[in-house]
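User: Hi! Could you take a close look at one part of this structure and walk me through how that part is put together?

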Amino acid sequence: MIDPIAVALGVFAVCFGPLLVLGFSRLGGWKRLAEVYPGVKTRPRSLTVLGYAVFARWIGYNGGLIVAVDAESLHLALWPPLSWLGHPPIRIPWREFLKIERRPRWFGDVYALPTKGAQEVDFALRPSTFALIREQARAAGVPGDY
């Protein structure tokens, strides 16, 4: 016998899950960053595929962030299927960062990365992920609190 509650929960998860992921893209600012700083088809070799970022102070991309850098920019992407659901890749030139700020949050410090073209987007990397890009950001002359 089929459990109607299990079926209802399954249908809810299948229908609501993708909508939730799409909503996070808009609410957090990923979509806005991707509009201003669209990614490229071929990015440099990834520094990690298990990166940690926080958007809008509460939307965490924990362990699903792909981070790459080159001399000109920071590249961000998410694992599929999240990348297919309103999270296109992002490429932010180093010159577009206003500054890097270490900020306290309830779950620990983060490194905020405000940009010139999307100042309204509150985007930050957790320390372990920021450590991967620290030297490249410094070499590119991004001002801030390292």
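Analyst:
**A close look at the sheet**

The accessible surface of the protein chain (Shrake-Rupley method, 1.4 Å probe; for residues, only the protein chains shown count as cover) comes to about 8,100 Å², and carbon and sulfur atoms hold 63% of that area. This is a predicted model, so please keep in mind that local features need pLDDT of at least 70 and side-chain atom pairs count only at pLDDT 80 or more, while totals for chains, interfaces and linings use all residues. Numbering starts from 1 along each chain as its sequence is written, and side-chain values use heavy atoms, with hydrogens and water left out.

First, the setting. The protein chain has 3 helices and 7 strands (DSSP runs numbered from the N terminus: H or I of at least four residues, E of at least two). From the N terminus, the elements follow the pattern α-α-β-β-β-β-β-β-β-α. Of the 146 residues, 38% are buried (under 20% relative accessible area; exposed is over 50%, partly exposed in between, with a 1.4 Å probe and protein chains only).

Now to the sheet itself. It is open, with 7 strands in the order β4-β3-β2-β1-β7-β6-β5 and antiparallel pairing (two strands pair if DSSP finds at least two bridges between them). β4 (90-93) and β5 (101-103) are the edge strands; each has a single partner, so one side of each has no neighbour in the sheet. On average, neighbouring strands are turned by 40 degrees against each other, direction ignored (axes are lines fitted to C-alpha atoms, for helices over the stretch in contact, and angles between N-to-C directions run from 0 to 180 degrees).

At the β4 edge, β3 (residues 73-78) pairs with β4 over 4 bridges, in the antiparallel sense. Here L74 is found opposite I92 of β4.

Helix α3 (residues 127-139) packs on this sheet, touching β1 (46-55), β2 (59-69), β3, β6 (110-112) and β7 (123-125); contact means heavy atoms within 4.5 Å. The direction of α3 makes about 120 degrees with that of β1.

A good residue to zoom in on is Y52, which belongs to β1. With a relative accessible area of 32%, Y52 counts as partly exposed. Leaving aside residues up to four places away in sequence, Y52 touches Y61, N62, G63, L65, L125, R126, S128 and T129. As for L27, 25 residues from Y52 along the chain, the C-alpha atoms of the two are separated by 18 Å.
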